[in-house]
Structure formats: structure tokens, C-alpha cells
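Student: I am new to this structure and would like a close look at a single part of it. Could you take me through that part slowly, explaining each term as it comes up?

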Amino acid sequence: METSSDWMRRPNGVPSDGYYDERAVEAFRHFVLGFKPDAIVLETIWLHRYYDAIRDAGIPLILNSHNVEIDVARQVEAIETSGPLRLQRRILSERIRRVEEALVRAAEQIWLCSQEDGEIMRREYGITTPMHHVPNAVNPAEYQVACARPAEIAPNSWPVLLFPALYHYYPNVNAAHFLIHELLPRLGPQYPDIRLLLPGANPPPALVAEAKDPRVSVPGVVPEMLPYLRQSSVLAVPLKHGGGTRFKIIEAFAARLPVVSSLKGAEGLGAIPGRHYLRAETAEEFEAAVRQVLDHPARAAELVEEGARFAQQLWEEAGAAMRASIGAFHVS
């Protein structure tokens, strides 16, 4: 994915154009024409440059939309404080809207992560395209085996906070800085060995520099997330803006890892604060919630059990929703 402003120099360019490859398109065309699928699921609007090949092959399109991207783009634009960058984000918002509208109007069916996204999509574009709520999910069995924790180890025996993210995304960088500069100083005196893990692609130089603090690790892209889930004691998600697929929280639930999150961080999941995770918004609330998990093993165990049940429920619901949506897909 492009990280510079090169996309602005191309008519209707967007940063995700970096995903496009002519050789991949030709291979895709060859495969589609030979295989002749009944429908093709396009995974997010960021693969929109491949749509022409789908259209030319005459294959019905299902758009799997992880967000209403224009809604997310406007949120990020609104919090930008730099004049030039805000102008850039405004241009990007306008282009994202054109890309998204074209695809949602071309699709025979749209899959959305939440009912809220469906309401925003219809309000924004006024479409009548069939929409199906297909919740994000992971297979809990794979995580529970890989991330099993010895029962005799109390949660406060390994004070490690985890926040995995894609760090070319501005709200994630803000969340990481919150954890480093506001939460760690509050927890440090009681937990001198506490660590903060920030794995994920494209960390900006300023965030990488934070790793000079021995308590902070910014490893960049990692081969898999399971080892990080296994060694952590709390997933902390202090998001204030933007969107996302919430996979980090779903994975934590499946891995039986307690979660402390803002309401925005868990938005659209259907998880209940106080039951599946602890809600926190301010630095004071995050401190209190993390302490509750670290210092009260029984409370942490309650959250873990409820989170694990919720992850299993999502897995079953996702399978049922996908089967129902495909069954309702009438191929001409």
C-alpha cells in the first residue's frame, strides 16, 4: 500500500492503488474465465481496481465491506489538525466516496460487519442492494489451544499490555501514543516490570522511536499474532475515532485474553461492557480497568469466560449468516 501522496497525482487515485498489479489481473481473468464461478466476493473496496475484470467476465459481485469507508474517512479527516494534511484527507474522502458508491451500486449483494454499518450505508447512498450482516469471526478452537495459559499463573504475574494494529492508520497511532504517554506512567509505579507490545505494519518513525523505552516494543510486521496473544495479560484498545474490523478484540476473546476497550474500539461487535470486556475512555478509567484485571484473578476469569463464549457465538453466527446469504443469492 502506498504511504506517500503519489496517489493524489493520478486522476481518481487512492492510496490502495498500490495493491493493484497488472499481472495479477491477467491471471485473475484467466482463472475466472476457466473456473466460471457463480459469484465473486470482493474483499473490501480497496480491491476496486480489480472490478473491471469481474464485470467483463459477467460474474455477479458480492462486496464484503469491513467498514462504510466514507464514514471512517470523514472521521479521520475531522480530527486532522494540520491544514495541508486535512486538505489531503478531504480529497481522499471525496475519492473514497466515488469508489465506494460505484461498487455498492454494482454489487448484487453486500456483506456488512454490523447492523449499524448497514444503516449508514443505506443513508449515505440510498441503495436498495440486498445487505446481509455477516459478523467477523475466528475459529476459537485454534486460539484456545495455541494460547492456553497454565491455570496456576495469576494474571498479574505477567503484566503485558497488547495493542496490535496497522500503524499507517492515524487513529491507531493516536491510540498507541495514549498507551505510551498516558497509561504506562500511571501503571509503572505499581508494576515496574510492565511492558507494552505494539506489533503491526507500517509504524511511523516517531512510534518506532518510542521503543527506546525498555518497556515498549514496536516490532513492526510479525509472522503471526498468536505468540503475542499468549504472552499478554490485557488487550488495551483506546480508540477514539475511525473504524475497523475489530479482529483484535475477537482474537483476544478467542485466545481467552481479557479486554479493556473504549466504546469506539468495540463498536459494532455487539459485545457488552462489563460482561465481555471492561469499558474505559479516559486515562484514569483505563488505569482502573487494567488494575482490576491484573489484581483480581476472579474478575479476569469471568471476563475471559464470557469473552470466549462470545467468540464461539460469533463463529457460529458468521457461518450461519454466510450460508443464508449465499443461499439467498439468486444466480441468473
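Tutor: What follows looks closely at the parallel sheet, with a short view of the whole chain beforehand.

This is a predicted model, in which local features need pLDDT of at least 70 and side-chain atom pairs count only at pLDDT 80 or more, while totals for chains, interfaces and linings use all residues. Residues are numbered from 1 along each chain as its sequence is written, and side-chain values use heavy atoms, with hydrogens and water left out.

The secondary structure of the chain comes to 12 helices and 10 strands, where helices (H or I, at least four residues) and strands (E, at least two) are DSSP runs numbered from the N terminus. For 332 residues a compact globule would have a radius of gyration near 20 Å, and the chain, with 21 Å, agrees with this; the radius is taken over C-alpha atoms, and the globule rule is 2.2 Å times the number of residues to the power 0.38. Of the 332 residues, 50% count as buried, a word that means under 20% relative accessible area, as against over 50% for exposed and in between for partly exposed (1.4 Å probe, protein chains only).

Turning to the sheet, 4 strands form an open sheet in the order 1-2-3-4, and their pairing is parallel; two strands pair if DSSP finds at least two bridges between them. At the edges lie strand 1 (40-43) and strand 4 (131-133), each of which pairs on one side only. Neighbouring strands of this sheet are turned by 25° against each other on average, with direction ignored; the axes behind such angles are lines fitted to C-alpha atoms, for helices over the stretch in contact, and angles run from 0 to 180 degrees between N-to-C directions.

Within the sheet, strand 2 (residues 61-65) and strand 3 (residues 109-112) pair in the parallel sense over 4 bridges, and L63 stands opposite I110 in strand 3. Helix 12 (residues 297-327) packs on the sheet, where it touches strand 3 and strand 4, and its direction makes about 170° with that of strand 3; contact here means heavy atoms within 4.5 Å.

Returning to the chain as a whole, among its contacts with a separation of 6 or more, 64% are accounted for by residues 24 or more positions apart. The C-alpha atoms of the chain fill a box of roughly 60 × 45 × 35 Å, taken along the principal axes.
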